[in-house]
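User: Please take a close look at one part of this structure and walk me through how its elements are arranged. I work at the bench, so a careful, connected account would suit me, with each term explained where it comes up.

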Amino acid sequence: MAEPVKYISVVIVGCGRLGSQLAGQLSADGYNVVIVDQHEKAFKLLPSKFSGFCITGDATEQLVMQSANLENADCLMAMTQKDTLNLMVALVARVIFSVPHVIARVYDPQYEDLFSSYQIETISPTKLSSQAFLQKIQEYIDI
Amino acid sequence: MNRHAQYRSFLCSRYRNILCYTALICSLIGLLIALPVLLLLFFPDEWGLGRVFLLTGTSVFFGSLLIRLMFKPDLDNALGFDEGAVIVVLSWTVAIIAGSVPFVASGLNWTQAVFETTSGWTTTGLSVVDVASVSPLILFFRSLMQLAGGAGLAILMLSALTGPAGVSLTTAEGRQDQLVPNVRQSTRLVVSLYFSYVLVGILALKLAGMSWFDAINHSFCALSTGGFSTQPESIGNWNAFHVELVMMVLMLLGTTNFLVSYALWKGKFRLALRNAETHLLGIVALLSVAALFWSTTTQLYAGLSQQFRAALFQSISALSTTGYTTSDLRNWDDSSWLVIIFLMLIGGGVGSTAGGIKQFRICVLIKGISWNIKRFFLPAGSINQPVIWVGENRKVLTDEHFRHIGLHVFLYITIWLLGSYALTLYGHSFAQSFFEYASTIGTVGLSVGVTSIHASNSQLWVQILGMVLGRLEFWVVFLGFLKLGRDFPVLTGATGKS
């Protein structure tokens, strides 16, 4: 458990299965974590090692993101279910709040070009899992 | 049978974690107990008592270090709230028992020693020690316990060492409000704010005319809203307005929510002023000073400034749950006692070092009452939730808040009434008992003569219970003991139930 030298602050949008797990791990590793979700109930998914702040509200509203202290954040992760919402949140973070690192989850691989044209890094679960499946098949064939 | 064994091994692994963190806190307690030895540099003839501090402190320190080394913590599994409660209950028990040893060595009996120690860690300030004749090592140790207990043992441990991730421990000790979204950085900020206040306080008190020793002790105990003094007449010993002024500022800082303190520190004065607690503090302080001035101090003192000073100091001391006095409260009349009881019941800010019901809870209940009335005049389907400002955050109040706070206040009042009833059984008057138990459960420390060296042992135990419940806010104590009671038979294998 290496302690980060400077306290790096991360804002996570969307407290689903992935967002909550990630928030818990980052928190345990010593990052400053703020997690935003529209529904208060979503925060029940957070593991007990999470020690950051929870903000209830619509992440597309600038006031909500201001209260998450996004202008001072080092990184934003957009992890909602909707690609378009992730794009919107990531763009606002990049352009208006000028967050240095913006990462978005994108289900539909088609959108990835759109994201990268705005210098937003993407992680696509669809692509990752298809690669993993292909690799498994490859292993069977090799055997 | 198999399932039972599985559950047992699961519990064992959880309790290894619990023991490990308890041991970490206990090693801190050991260091704190050994710390007064440094005073031997200035008071070399106190070696006899210094040896007791050294022996107790080092044996607690190395004992807990041994336990810590025996059980490796499992860092991946964070603690739950109930496990935090067990750690808090265990470590407070160790703190109280180990802290009593030096008092026993200085001539108190065990009950009195446990009472004094509990009064120290819980930042109450009720005392059965004769401060005029006792060793300076004991005086310093009392102040040190209040300093540590005010910040919270879990907060001190988390800020100093690597501890569990997550907030279960700090929440269990009643220090859940965080300044920044990271528990470790938050505890470090709280501790550095706290200690810088303490340092400023020491310097200011020295400038105001105290000796270094008095300044250190009073700064410790004012900021932790503890209220132990080194003088029998408490702050009345100096009878100087500038000393009282510094003390009042320190007590107010101690009773301010650290979130508000942090907002002030960052220069956000408007945010601090918007806090509901700040409003309540202002209004209540104003009303009580007026009431005390009008009904009591004009009769007791000659000059106008003297009358005003006494009313102001006593109001701040009671509301901040510190418990310093500038005059003997036994001479004050019934109406002033009642005002002070109100102040002690309200208490300080949530997330501060103070006790009492806490101003935040009172604010929420007041909002709830006005909201309840307003709802009748709104259309049936309208959505309207009250909001309240805490630190820099706007909080929407839900039914869950009201339920929690309503239950808490109900428990608080019930235990206060029961405790006061118990005190009347020891031959104290109606007014004295209510006053003294409000002071006990609110961890205030103002006394009208019920707590003294002549008090019976069983009465002191009633008060010890009140102080612990008041400081740890009931649930943690209940939960911690219940969990221990349920898990202990399984761990020792005494039961066959799965």
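Analyst: A good place to begin is the right-handed β-α-β unit that S5(A), helix H4 (residues 112-117) of chain A and S6(A) make together. Here a crossover is called right-handed if, with the strands pointing away from the viewer, the path from the first strand over the helix to the second runs clockwise; the helices (H or I, at least four residues) and strands (E, at least two) are DSSP runs, numbered from the N terminus. This is a predicted model, in which local features need pLDDT of at least 70 and side-chain atom pairs count only at pLDDT 80 or more, while totals for chains, interfaces and linings use all residues. Residues are numbered from 1 along each chain as its sequence is written, and chains are lettered from A and ligands numbered from 1 in the order in which they are written.

The two strands of this unit, S5(A) and S6(A), pair in the parallel sense over 3 bridges, where pairing requires that DSSP finds at least two bridges between two strands. Within that pairing, A:Glu121 in S6(A) is the bridge partner of A:Ile103. On the other pairing of S5(A), 4 bridges connect it to S4(A), and these strands also run parallel; there, A:Ala104 in S5(A) stands opposite A:Ala78. S4(A), H3(A) and S5(A) make a right-handed β-α-β unit as well, so S5(A) takes part in both units.

Moving further along, S4(A) (residues 75-78) pairs in the parallel sense with S1(A) (residues 9-13) over 4 bridges, and A:Ile12 faces A:Met77 in S4(A). Helix H3 of chain A (residues 83-95) packs on the sheet, where it touches S1, S4 and S5 (101-105), and its direction makes about 180° with that of S5(A). Such angles run from 0 to 180 degrees between N-to-C directions, with axes being lines fitted to C-alpha atoms, for helices over the stretch in contact. Helix H1 of chain A (residues 17-28) lies across S1 and strand S2 (32-37), running at about 165° to S2(A).

Taken as a whole, the sheet is open and holds 6 strands in the order S3-S2-S1-S4-S5-S6 of chain A, with parallel pairing. Its edges are strand S3 (53-56) and strand S6 (121-123) of chain A, each of which pairs on one side only. Neighbouring strands are turned against each other by 20° on average, with direction ignored. In general, strands of a sheet pair through backbone hydrogen bonds, either parallel or antiparallel.

This part of chain A also leads on to the contact with the other chain. The contact takes 16 residues from chain A and 14 residues from chain B; two residues count as in contact if their C-beta atoms, placed from the backbone, lie within 7 Å. H1 and S2 of chain A each supply at least two residues of the side of chain A that touches chain B, and S2(A) gives the most, with 3 residues. By class, that side of chain A has 9 nonpolar, 6 polar and 1 charged residues, where Ala, Val, Leu, Ile, Met, Phe, Trp, Tyr, Cys and Pro count as nonpolar, Asp, Glu, Lys and Arg as charged, and the others, Gly among them, as polar.

For comparison, chain B offers an antiparallel pairing, in which 4 bridges join strand S1 (residues 387-390) to strand S2 (residues 393-396) of chain B. B:Val396 in S2(B) is the bridge partner of B:Val387, and in the hairpin of S1(B) and S2(B), which has 2 residues between the strands, B:Gly391 takes a positive phi near 60°.

Helix packing in chain B can be read in a similar way. The axes of helix H1 (residues 2-34) and helix H6 (residues 153-160) of chain B come within 10 Å and cross at roughly 95°. H1(B) and H6(B) are therefore roughly perpendicular to each other; angles under 35 degrees count as roughly parallel, over 145 as roughly antiparallel, 65 to 115 as roughly perpendicular and the rest as oblique. B:Leu24, B:Ile25 and B:Leu28 of H1(B) make this contact with B:Leu153, B:Ala154, B:Leu156 and B:Met157 of H6(B), and its residues divide into 7 nonpolar, no polar and no charged.
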